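These notebook entries record what I looked up around the ligand and at the annotated positions.

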Amino acid sequence: MSVMLLLNGPNLGILGQREPEIYGTETLADIEKAVAEEVSGAGWEVRSIQRESEGELVSAIHEHRLSSVGAIVNPGALMIAGWSLRDALAAYPQPWVEVHLSNVWAREQFRHESVIAPLAGGVVVGLGAFGYRLGARALLHLTGADK
Ligand code: DQA
């Protein structure tokens with residue numbers, strides 16, 4: 001069975017309780033289930049990794065560099081200055097998609113730039129938890145698994 005990575009950065013483990021007016025009421029477990037539903041038809045298994053620190057995400061990317069088919073990445077606030085996350089993703093040889101629950105463009109200025117976005121296969125922004133489903137579909141498309 002092929003493994004896809006679902007990577008979530010700091011503060012995304014408390015989804016559902018965290019500023020629900022911005023991030024919604026769905027939990028990370030709900031999102032994991034939704035993504036698994038989207039990719040199960042392709043025979044993919046979801047490996048979900050949420051970490052509060054950048055270094056642990058970098059290690060997770062290294063660990064799964066060659067054993068995963070692609071990734072969905074919500075970097076959280078690491079979007080702003082997560083340069084080592086950016087470099088780990090630059091060395092990640094499979095397609096990956098960036099997802100943000102909130103519409104970062106409609107929020108504070110410091111959220112208007114993502115250091116990882118220029119490397120992403122695509123970016124989904126502002127569609128809440130549904131954005132992860134779209135990210136999963138995009139990944140199936142980018143890898144050719146939807147053919
Ligand atoms: C976020 C947006 C980031 O700016 C913020 O720091 C997060 C969540 C989102 O999914 O909307 O932690 O990535």
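**Entry 1: ligand surroundings.** I worked from a predicted model. I first listed the residues around the ligand: R18, Y23, N74, G76, A77, M79, H100, L101, S102, V104 and R111. I then sorted this shell by residue class, and it divides into five nonpolar, four polar and two charged residues.

**Entry 2: polar contacts.** Which residues place polar atoms at contact distance from oxygen atoms of the ligand? I noted a side-chain N or O atom of R18 at 3.1 Å from a ligand oxygen. For R111, I again found a side-chain contact, with a polar atom 2.9 Å from an oxygen atom of the ligand. At L101 the backbone supplies the polar atom, and the distance to a ligand oxygen is 2.7 Å. I next looked up how far the protein covers the ligand: of the 330 Å² of accessible area that the ligand has on its own, 99% is covered.

**Entry 3: the cavity.** I checked which space the ligand takes, and it is the largest cavity.

**Entry 4: "active site" positions.** Which residues carry the UniProt feature "active site"? I found Y23 and H100 under that name, in an unreviewed entry. Although these positions are spread over 78 residues of sequence, I noted that they cluster in space, with a largest C-alpha distance of 9.2 Å. Y23 and H100 both belong to the lining of the largest cavity, and both also appear in my list of residues around the ligand. I located Y23 in helix α1, which runs over residues 20-23.

**Entry 5: "binding site" positions.** I then turned to the feature "binding site", for which UniProt, again in an unreviewed entry, lists N74, D87, L101, S102 and R111. Are these positions clustered or spread in space? I recorded them as spread, with up to 24.2 Å between C-alpha atoms, over 38 residues of sequence. Which of them line the largest cavity? I found N74, L101, S102 and R111 in the lining. I placed N74 in strand β3, residues 70-74.

**Entry 6: cross-check.** I compared the "binding site" list with the polar contacts. L101, named in the UniProt list, makes its contact through a polar backbone atom. R111, also named there, makes its contact through a polar side-chain atom.

Key. Residues are numbered from 1 along each chain as its sequence is written. This is a predicted model: local features need pLDDT of at least 70, side-chain atom pairs count only at pLDDT 80 or more; totals for chains, interfaces and linings use all residues. Side-chain values use heavy atoms; hydrogens and water are left out. A residue is near a molecule or strand if one of its heavy atoms lies within 4 Å of it. A polar contact is a pair of N or O atoms within 3.5 Å; within protein, one must be able to donate a hydrogen and the other to accept it, and residues adjacent in sequence count only if both atoms are side-chain atoms. Accessible areas come from the Shrake-Rupley method with a 1.4 Å probe; for residues, only the protein chains shown count as cover. On a 1 Å grid over the protein atoms alone, a cavity is a set of points where a 1.4 Å probe fits but cannot get out, and a pocket is an open set with protein on both sides within 12 Å along at least five of seven lines; lining residues have an atom within 4 Å of a point. A molecule sits in a cavity or pocket if more than half of its atoms lie within 2 Å of its grid points. Ala, Val, Leu, Ile, Met, Phe, Trp, Tyr, Cys and Pro count as nonpolar, Asp, Glu, Lys and Arg as charged, and the others, Gly among them, as polar. UniProt positions are given in the numbering used here, feature names are shortened, and annotations may be inferred rather than shown by experiment. Helices (H or I, at least four residues) and strands (E, at least two) are DSSP runs, numbered from the N terminus.
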